[in-house]
Amino acid sequence: MRYTGPKVRLSRRAGVPLTRKAVRYFEQRPYPPGEHGRKTNRRNTGDYGLRLMEKQKLRWYYDVSERQLRRYWDLAVRKSGASGTELVTLLETRLASLVLRSGLAPSIYAARQYVNHGHIAVDGQKVDIPSYLVKPGQVISVRERSRRMQPFVAASEGVYADERTAPYISVELSDLRFTLLQRPEREQIAIPVDEQLVVEFYSR
């Protein structure tokens, strides 16, 4: 199941801020949530616990269920590249992930909702599946009927955009559209996860 509770709690459990909003909260309370959070020593976590946490961080960062992540792992190991790299690349090319990365949404949760509610089109056709895997050359845009909604007006003004655009996408925020230029390289994907530990978790 996907986690539907307070998102900042996930960042505190993970030990790193997983969303923009969580950065400020995490700075104030950089320890795990709960009654004994202040007394928790992350350094004492065993090997299994470290691998499990990296896997969970990857799940939470991309807002996918355990079943979905396992399915992506199964796809990744069938590819010719390094399994960890392929896993991250698959997650990064999900439609919801790219909507976030382009600056059209303030968080992965909002991006998922925008797609689910039919506000996003791929090559001019509505796609309401957040897990849709975008291919290089495809153009993603906000549908015409949704462009006057406040979140998309804000997006067109660059409110949600990162300081630097990911090099594998070409973004036209004023027109609420972007294009995936190429499959992302691992070093181009800025996520606070050590995917090698995820590989070790699934390979145990």
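**Figure 1. The buried residues of helix 9 in the predicted model.** In this predicted model, helix 9 spans residues 195-203, and its buried residues are E195, V198, V199, F201 and Y202. Viewed down the axis of helix 9, these buried residues fall within an arc of 160°, so they line one face of the helix. The elements against which the buried residues of helix 9 pack are helix 3 (47-62), helix 4 (66-78) and helix 5. At the N-terminal end of helix 9, D194 acts as a cap, with a side-chain oxygen placed 3.1 Å from the backbone nitrogen of Q196.

**Figure 2. L87 and its surroundings in helix 5.** L87 belongs to helix 5, which covers residues 83-92. Its relative accessibility is 0%, and because buried means under 20% relative accessible area, L87 counts as buried. When residues up to four places away in sequence are not counted, L87 touches L58, L69, Y72, W73, A76 and V198. One of these contacts, V198, is also among the buried residues of helix 9. Another of the residues that L87 touches is L69; L87 and L69 are 18 residues apart in sequence, and their C-alpha atoms are 8.7 Å apart in space.

**Figure 3. The largest nonpolar core and the contacts of Y62.** The largest nonpolar core has 49 residues, of which L58, Y62, L87, L95 and V99 touch the most other members. Helix 7, made of residues 108-116, gives the most to this core, contributing six residues. Which residues surround Y62, leaving aside its neighbours within four places in sequence? Y62 is in contact with V88, L91, E92, R94, S97, R101, I108, I189 and I191.

**Figure 4. The hairpin of strand 4 and strand 5.** Strand 4 (residues 169-172) and strand 5 (residues 177-180) run antiparallel and are joined by four bridges. Within this pairing, V171 stands opposite F178 in strand 5. The hairpin has four residues between the strands, and there L176 takes a positive phi near 55°. Most residues other than glycine have a negative phi. L176 is not a glycine, yet its phi is positive, at about 55°. Is L176, in the loop between strand 4 and strand 5, buried or exposed? With a relative accessible area of 4%, L176 is buried.

**Figure 5. D123 in the loop between strand 1 and strand 2.** D123 lies in the loop that separates strand 1 (120-122) from strand 2 (125-126). Its phi is near 55°, which is a positive value in a residue other than glycine. The relative accessibility of D123 is 45%, and D123 therefore counts as partly exposed.

**Figure 6. The protein chain as a whole, for orientation among the close-up views.** The protein chain contains nine helices and five strands, and, read along the sequence, these elements follow the pattern α-α-α-α-α-α-α-β-β-β-α-β-β-α. Of the 204 residues in the protein chain, buried residues make up 46%. Among the contacts in the protein chain with a separation of 6 or more, 57% are accounted for by residues 24 or more positions apart. The protein chain exposes about 11100 Å², of which carbon and sulfur atoms supply 47%.

Notes
Residues numbered from 1 in each chain as written. Predicted model: local features only at pLDDT ≥ 70, side-chain atom pairs only at ≥ 80, totals over all residues. Heavy atoms only, no water. Pairing = 2+ DSSP bridges. Helix = DSSP H or I, 4+ residues; strand = E, 2+ residues; numbered from the N terminus. Buried < 20%, exposed > 50% of the residue type's maximum accessible area, 1.4 Å probe, protein only. Contact = heavy atoms within 4.5 Å. Areas by Shrake-Rupley, 256 points an atom, 1.4 Å probe, with all protein chains shown as cover. Core = buried A, V, L, I, M, F, W, Y, C linked by side-chain atoms within 4.5 Å. Arc of directions from axis to C-beta. Polar contact = N/O pair within 3.5 Å; in protein donor to acceptor, adjacent residues only side chain to side chain.
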